[in-house]
Amino acid sequence: MSSDRDMQSNFISWVKQKADQNHSFVDDLADLLNVSKDSAYRRVRGETLLTFNEISKISSHYRVSLDSFLNLSTNAVVFNSRQIGENFSFKNYLLSIEDHLKLVSSAPNKRMIWTAKDVPILHYFQSPGLTKFKLFFWQKTILNTTFKELDRYDPNSVEPELVSIAKSIWYLYCKIPSYEIWSDETLNITLRQIEYYYECNLITKEIALELTREFIDIIRHLKGLAALGRKYPMGGEDYPDNGAYHLYYNEIAIGDNTIFFQIGEKKVVFLTYSMLNILSTMDDAFCTETDQYLQNIIQKSTPLSVSSEKERNKFFRIMETKISQIHDRIEKSL
């Protein structure tokens, strides 16, 4: 039977595998537990036993589940919530996405799978107009942020710093090999947002038409990415270290936005709720099950990348037609 010290040693080794390999684990542990570096080393070596409070802090900080470590048979999964509010601003929300993508993009072995109920937000961040519109819409309509008492959308009211962070997010995403699963409904949310703002007189006809034109540009760019099988920025160069881009079409199985990352041996799943807020977990069993589920969805989807020219042209023709119909309806309106 394992002793308490053996169990602690195994626990610490398990946590270290999930920690950021670019930082000193002992230094992080000392800061987390508010102890000296020497005291942290004694805990790592098992010379000093961890208290319940210290185990709780470690589990929370590194987002690990004791149930998973102890192989307890429960249905509980530990999630971390990123909820925008007084203690977590919209800017911090964007910065947290940027920080995560920095970590992922710097890893030698990585992959990303995204089931897209809506177009992944990262794609909008290539387009200046749609970037500002989405940042404004999310803050004003979803988060009830006041823009100097503005009654209508003004692109100049969006903070340049937020636009800069959004642009950085796209370039980081560009380096990560990705699998995206789209459906017939993927464009609908953004199209409804544009049309809603126009019908409520929150944007001018000229801006609404420009947004739909930019949306078509994004869709055409994504068609190019799918044809090449690799990412590159709109109007930019295709660098060899850009990530692979695998696009799939699924007719029935996209019920939410689920985002899965594998970073070396680590896995993490992000689930969105209330449009912007995010739940994340590194629970081994949950992440493995999600990975298997997504692989199954991919197997039952139509590939649109590289050699699938006929299916790709058909799919993107339908996508362009959807946007054009909204564009024409706005253009003909009084």
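Let's start at Lys 91: beyond its sequence neighbours up to four places away, this lysine touches Glu 161, Leu 162 and Ile 165. One thing to keep in mind as you look at it on the screen is that this is a predicted model. Lys 91 belongs to helix α6, which covers residues 90–106. How exposed is Lys 91? It is partly exposed, because its relative accessible area is 32%, between the 20% and 50% limits. Another pair to look at here is Lys 91 with Gln 139: they sit 48 residues apart along the chain, and their C-alpha atoms are separated by 10 Å.

Now let me step back to the whole chain. You can count 13 helices and eight strands in it. The C-alpha trace spans about 75 × 50 × 40 Å along its principal axes. Of the 334 residues, 47% are buried. The accessible surface comes to about 17200 Å², and carbon and sulfur atoms account for 49% of that. For the contacts, take those between residues at least 6 apart in sequence: 71% of them join residues at least 24 apart. And the charges: there are 39 positive and 43 negative ones, and their mean positions are 2 Å apart.

Next, please turn to a pair of helices, α8 and α10. Helix α8 is residues 128–142 and helix α10 is residues 188–199, and their axes are 12 Å apart. How are α8 and α10 oriented to each other? They are roughly perpendicular, because the packing angle is about 75° and anything from 65 to 115 degrees falls in that class.

Who meets whom at this crossing? On the α8 side we have Leu 130, Phe 133, Lys 134, Phe 136, Phe 137, Lys 140 and Thr 141. On the α10 side, the residues are Thr 190, Gln 193, Ile 194 and Tyr 197.

Let me pick out one residue from each helix. From α8, take Phe 137. Is Phe 137 buried or exposed? Phe 137 is buried, since its relative accessible area of 6% is under the 20% limit. If we set aside neighbours within four places in sequence, Phe 137 is in contact with Ile 142, Gln 193, Tyr 197 and Met 275. Two of those names, Gln 193 and Tyr 197, were on the α10 list a moment ago. Try the distance from Phe 137 to Ile 194 as well: the two are 57 residues apart in sequence, and C-alpha to C-alpha they are 9.3 Å apart.

From α10, take Thr 190. Thr 190 is buried, with a relative accessible area of 0%. Which residues does Thr 190 contact, leaving aside those within four places in sequence? They are Asp 118, Tyr 124, Lys 134 and Phe 215. Lys 134 is the α8 residue in that set.

Staying in α10, there is also Glu 195. Here the side chain carries a charge, and Glu 195 still counts as buried, because 14% relative accessibility is under 20%. Beyond residues up to four places away in sequence, Glu 195 touches Ile 326 and Arg 329. His 327 is worth finding too: Glu 195 and His 327 are 132 residues apart in sequence and 9.1 Å apart in space, C-alpha to C-alpha.

Those partners take us to helix α13, residues 309–332. Arg 317 is found in this helix. At 53% relative accessibility, Arg 317 counts as exposed, because the value is over 50%. For a sense of distance across the model, pick Arg 317 and Arg 42: they are 275 residues apart along the chain, with 63 Å between their C-alpha atoms.

Last topic: backbone angles. Most residues other than glycine have a negative phi. Which residues go the other way here? I have two asparagines for you. Asn 34 has a positive phi, near 60°. Asn 34 lies in the loop between α2, residues 25–33, and α3, residues 37–45. With a relative accessible area of 69%, Asn 34 is exposed.

The second is Asn 201, with a positive phi of about 60°. You will find Asn 201 in the loop between α10 and α11, the latter being residues 205–228. Asn 201 counts as partly exposed, at 47% relative accessibility.

That's my tour, and I'm happy to go back to any of these spots on the screen.

Technical notes: Residues numbered from 1 in each chain as written. Predicted model: local features only at pLDDT ≥ 70, side-chain atom pairs only at ≥ 80, totals over all residues. Heavy atoms only, no water. Helix = DSSP H or I, 4+ residues; strand = E, 2+ residues; numbered from the N terminus. Buried < 20%, exposed > 50% of the residue type's maximum accessible area, 1.4 Å probe, protein only. Contact = heavy atoms within 4.5 Å. Areas by Shrake-Rupley, 256 points an atom, 1.4 Å probe, with all protein chains shown as cover. Lys, Arg positive; Asp, Glu negative; His and termini not counted. Charge placed at Lys NZ, Arg CZ, Asp CG, Glu CD. Axes fitted to C-alpha atoms, helices over the stretch in contact; angles between N-to-C directions. Parallel < 35°, antiparallel > 145°, perpendicular 65-115°, else oblique.
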